[in-house]
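Grab your viewer and work through these short exercises. Try each one before reading its solution.

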Amino acid sequence: MIELLFLLLPVAMAYGWFMGRNSIKQNQQIAKQDLSIKYSTGLNYLLSNQQDKAIDSLLDALKVEDDSVEAHFAMANLFRKRGELDRALKVHEHLVRLNHLPTKDKQQAVFELGKDFLSAGLYDRAETMFTKLLKSKDYGLKSITYLLKIFQSTKDWQQGIDRQKLIVKYDDKRSLHTLANFYCELATTAFEKDQFIEVIELLEQALILDPNSCRANWLMAKIYENHQQCELAAKCYQAIYHQDNEFFPDVIEPMLACYTRLDELDEFYAFIKKVYDETASSSALICYLSHVEQKHGKKKAIEFMLSALKRRPTIRGFEHFVNMQINQVQVDVNDDSLDLIKELIGEYLKVKHRYDCRSCGFNSQIHYWSCPSCHEWEQLKPIRGLEGE
C-alpha cells in the first residue's frame, strides 16, 4: 500500500501542475474575453452616439490591461481637438488617479490634464498641474513654457520672474525672450511713475536674459530722453538697428530728435545713409532726402529719389516724390493733377496696415509688443515691400 502511494504521488503532482496551468489559461482567456466585451461595448456606445457611456466603458477596460493607456491618450486628445474638453478631462483625470501607471505615463497624464485646464481657461488648476512637472526630465521645459503662457494671460509678470533660475537653467531662447518681456512689462509700469533707477535695473536684467530685445533698448532710450541723457538714448536707438533692423523705421524720428539736441546731425545722417544702403528702407530714404535737399538742393534730392524708386519702388516712396514735385517753385505739370494723385495715395495708405506679425501674419495699424492673435513677443513689425518699407 505504501509502495502504491509513492507511485501515485508523482502522478498527483503532475495532475496538479496540469490543472493549475489550465486554470491560469482559463483566467487569462476570461480576462481577454472581458476586455474584448468592454471595448466592444464602448465602441457600440460610440456608434450609437452615447459618448459618455462609451468613455465609462473604455475607462473600465483600462483596469484590465495597461497596454490600452496609449489608446486612451489618443482618445482624449481627439476629444480636446473637437472641443469636447469635459470628456478629455474625464479621461486624463482617470489616468492621473491610477496608482499603478508607470512614472512616464503618469507624467504625461498630468501634462495633458494641465493642457485641458488651460484650454478651458482654468488657469489656477493648469498652473498646479504644470508646477508638479517642473523637475521632470521629459516635461519640465514644456511645463515652464505653458506656465509662462498662463502668467502672460493673467499679467502676473512677477510669477514668471520668480521662476527665473529654472528658466535660465534650461537655457531655452524662447523662454528667456518671454521672461525678458516680463521685465519690460514691469519696467513700463515703473516708467509711467518715472522711477528712473528701477526702470534701468529692470531693463538691464531683460537684456542679460535676451541681448536681442529691441523693446528693452526702446524703453531705455525713452527713459534716457526723459532725463535729458540724449547721448545714451541715441546709443540705444543704434543698438536697436543692430538687434533687428526691421524695427528700426519706428525709431528714426525720436533718434533724429536726440541728435538734433546733441547738435550732431552729420553723424546722424551718415548713420541713416548706411541704414538705407543696407536695407533700402522707405523711412530711412525719406529721412535722408531732407539732408540731401538741404546740402545739395531740391534738384539733387529729386534725382536721388528717382534713382531710389527705380532701385526699390514703394507706395510711400512715390507719395513722398509727389510731395517733392508739388513743393517745387516751377512745376511742369498741372497742380490739380498732382494734388489728386497725392490725395489718392494718402487715402490708400490710410486703409493699409502698417504692421504685420512675422509669426502668425496678424495685421494692424497699431503696434503691439505682444501680438493680439498669437501672443508672441516682439513679432509685430513694419510691413516690407511695395506697400510698406
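**Exercise 1: one helix, one face**

Work out which residues of α3 are buried and how they sit around the axis.

Solution. Keep in mind that this is a predicted model. Start with the cut-off: buried means under 20% relative accessible area. In α3, that gives you Val-69, His-72, Phe-73, Met-75, Ala-76, Phe-79 and Arg-80. These residues cover an arc of only 165 degrees around the axis, so they lie on the same side of α3. The spacing fits the usual rule: an α-helix has 3.6 residues a turn, so residues three or four places apart point the same way.

**Exercise 2: check the length**

Compare the expected span of α3 with the distance between its end C-alpha atoms.

Solution. Helix α3 runs over residues 69-81, which is 13 residues. At 1.5 Å a residue, it should span 18 Å, and the end C-alpha atoms are 19 Å apart, so the two agree. Just after α3, Gly-83 takes a positive phi of about 85 degrees.

**Exercise 3: the pockets**

Describe the lining of the largest pocket, then that of the second largest.

Solution. The largest pocket has a volume of about 380 Å³. Its lining counts 16 residues, and Lys-149, Gln-152, Ser-370, His-375 and Trp-377 are the closest to its centre. Helix α7 gives the most, with five residues. By class, the lining splits into four nonpolar, seven polar and five charged.

Now the second largest, at about 250 Å³. Both α14 and α16 supply at least two lining residues. Here the classes are five nonpolar, one polar and four charged.

Terms used:
Residues numbered from 1 in each chain as written. Predicted model: local features only at pLDDT ≥ 70, side-chain atom pairs only at ≥ 80, totals over all residues. Heavy atoms only, no water. Helix = DSSP H or I, 4+ residues; strand = E, 2+ residues; numbered from the N terminus. Expected span 1.5 Å × (residues − 1). Buried < 20%, exposed > 50% of the residue type's maximum accessible area, 1.4 Å probe, protein only. Arc of directions from axis to C-beta. 1 Å grid on protein atoms, 1.4 Å probe; cavity = no way out; pocket = protein on both sides within 12 Å on 5 of 7 lines; lining within 4 Å. Points joined across faces, edges and corners; volume = space filled by probe spheres on them. Nonpolar A, V, L, I, M, F, W, Y, C, P; charged D, E, K, R; others polar.
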